[in-house]
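This report goes through one protein chain, from its salt bridges to its covered helices, its cores and a pocket. Please keep the sequence and the structure in view while reading.

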Amino acid sequence: MKRVKLDDAKQNVNQHDESNLRAEMTDLNRHPKGELNDMNKHIKVLQIIDSLTPGGAEMMAVNIANGLYELGIASHICTTRVEGALKNNISEGVGYLFLHKKGTLDLKALWRLRVYIVHHEITTIHAHSSSFFSAVLVKLLKPSVQIIWHDHYGNSELLAERKRLALKICSYFFKSSIAVNALLLDWAKRHLHSAYSTYLVNFAHLNTTIKKKTILKGGDGKRILCLANLRPQKDHFNLVKAFKIVHVHFPDWTLHLVGTDLNDSYASTLKEWIQKEGLQDAVFIYGNCSDTYQILKQTTIGVLASKSEGLPVSLLEYGLTSLPVVATAVGAIPQVIVPNETGVLVAPENHQALSGAILFLINNKPISLQLGGALHIFVTTYFSKAAYMEELIKIYQRV
């Protein structure tokens, strides 16, 4: 990918120009010519995901299903275990199935899935993350259906610790596998048995039509946002420790954590630490929110403090709204955040470096705006929905 220079971004420094963003999203999502639709009428695809609770893999499953429908391809999506806020993001023309799966071997749920596949003449199952097991089980009942497995694994720096026996066995049934970064692609080629393996980066998409529901606390122009589920991999402790330092210098700035809160030991310990350090009036936790675009419009700086990543969708969403970004150099993040060109990159698990980077953006607003503008150009150029769907359809055609 080419690097984007700061000078190219000067005309893009208005980070909250809603009309411009809507126009660009329309251009990014423009339908291909009719002959492409005609060529793919035989493709009928079912996305399978275990949950519709907001997250990177879940968002991609919904966005892919919607994108295929927009291209005139018969598109369906199935959530196996849990529904969630992302159900509201599914286009009306996309077929929908909720399995209510109660356990690993829920035979009733499995049969409902087979019936759905037969009734809708599904040719391809696009299974995301852990849903590969349901896909393989239903293939045993309907052998003609082909499986594409999409690996969104976030701990790509810790692949040596990944449990792989079940996945390795099931991969004999995969026609193809898709990795979201080069580390995962290399892992797939070494450990899996699918006929094909490929690397396909996530694409950027925001639903600008959802009405504003979430009102971020704090003052305008002084909000730092982290769009990440409350999980150890995302290392919110690193972030709040960094923010504690920022807060000493700029007590009127606030930190906003948006993402799934499982109310587990990680989340509880994080909340206790915030209280203990007296930051409860400056650090706010919101849980799941469906109005991502509206939240981003209220934000000044976007941050990711992860220990490990694939290619975080939230990073691309920051770019779509021209947010200046500080992120850790893990997973595929360095492919998007080019130091001093499209954002600020820091080492993981280093709250001193993270706080310094945030302070740099706060203290240098002109540079901050230029970085946000450059990131916007980069994301809309190299992570467009149209380019992604074109490559994905080629994978479907191959199976």
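At 52% relative accessibility, Arg190 counts as exposed, because the cut-off for that word is over 50%. The model is a predicted one. The partner of Arg190 is Asp186: their side chains meet in a salt bridge, with 3.0 Å from N to O. Asp186 has 41% relative accessibility and so counts as partly exposed. Both residues belong to helix H7 (residues 182-191), where they sit four residues apart, about one turn of the helix. In an α-helix there are 3.6 residues a turn, so residues three or four places apart point the same way.

**Salt bridges across the chain**

How many salt bridges are there? The count comes to 11. Three of them are set out here.

| Pair | Closest N to O distance |
|---|---|
| Arg190 and Asp186 | 3.0 Å |
| Lys44 and Glu121 | 2.7 Å |
| Lys385 and Glu70 | 2.8 Å |

The pair of Lys44 and Glu121 links distant parts of the chain, 77 residues apart. Lys44 is in strand E1 (residues 44-51), while Glu121 is in the loop between helix H4 (107-119) and strand E4 (124-128). Lys44 counts as partly exposed, at 22% relative accessibility.

Lys385 lies in helix H15 (residues 385-398) and its partner Glu70 in helix H3, so this salt bridge ties together parts that are 315 residues apart in sequence. Is Lys385 buried or exposed? Lys385 has a relative accessible area of 4%, which means that it is buried, since the cut-off is under 20%. Glu70, at 26% relative accessibility, counts as partly exposed.

**Two covered helices**

Helix H11 (residues 313-320) is largely enclosed by the rest of the structure, because eight of its eight residues are buried. Among them are Val313, Ser314, Glu317 and Tyr318. After H11 comes Ser322, which has a positive phi, near 60°.

Helix H5 (residues 132-141) is mostly covered, with seven of its 10 residues buried. These are Phe132, Ser134, Ala135, Val136, Leu137, Val138 and Lys139. What covers them includes strand E2 (74-82), H4, E4, strand E5 (146-151), helix H6 (165-170) and strand E6 (174-179).

**Nonpolar cores**

The largest nonpolar core has 65 residues. Which residues have the most contacts inside it? They are Leu239, Tyr318, Val336, Leu354 and Ile358. Tyr318 is also one of the buried residues of H11. Leaving out residues up to four places away in sequence, Val336 touches Leu311, Leu315, Leu316, Thr342, Leu375, Phe378, Val379 and Phe383. Of these, Leu315 and Leu316 are among the buried residues of H11. Another core, of 32 residues, lies apart from the largest one and includes Leu99, Ala109, Ala127 and Ala188.

**The second largest pocket**

The second largest pocket holds about 320 Å³ of space. It is lined by 17 residues, and the closest to its centre are Asn66, Asn89, His205, Leu206 and Asn207. Two elements give two or more residues to this lining: helix H3 (56-70) and helix H10 (292-297). H3 provides the largest share, four residues. By type, the lining consists of five nonpolar, nine polar and three charged residues.

Methods: Residues are numbered from 1 along each chain as its sequence is written. This is a predicted model: local features need pLDDT of at least 70, side-chain atom pairs count only at pLDDT 80 or more; totals for chains, interfaces and linings use all residues. Side-chain values use heavy atoms; hydrogens and water are left out. Buried means under 20% relative accessible area, exposed over 50%, partly exposed in between (1.4 Å probe, protein chains only). On a 1 Å grid over the protein atoms alone, a cavity is a set of points where a 1.4 Å probe fits but cannot get out, and a pocket is an open set with protein on both sides within 12 Å along at least five of seven lines; lining residues have an atom within 4 Å of a point. Grid points are joined across faces, edges and corners, and a volume is the space filled by probe spheres set on the points. Ala, Val, Leu, Ile, Met, Phe, Trp, Tyr, Cys and Pro count as nonpolar, Asp, Glu, Lys and Arg as charged, and the others, Gly among them, as polar. A nonpolar core is a set of buried Ala, Val, Leu, Ile, Met, Phe, Trp, Tyr and Cys residues joined through side-chain atoms within 4.5 Å. Contact means heavy atoms within 4.5 Å. A salt bridge is a side-chain nitrogen of Lys or Arg within 4 Å of a carboxyl oxygen of Asp or Glu.
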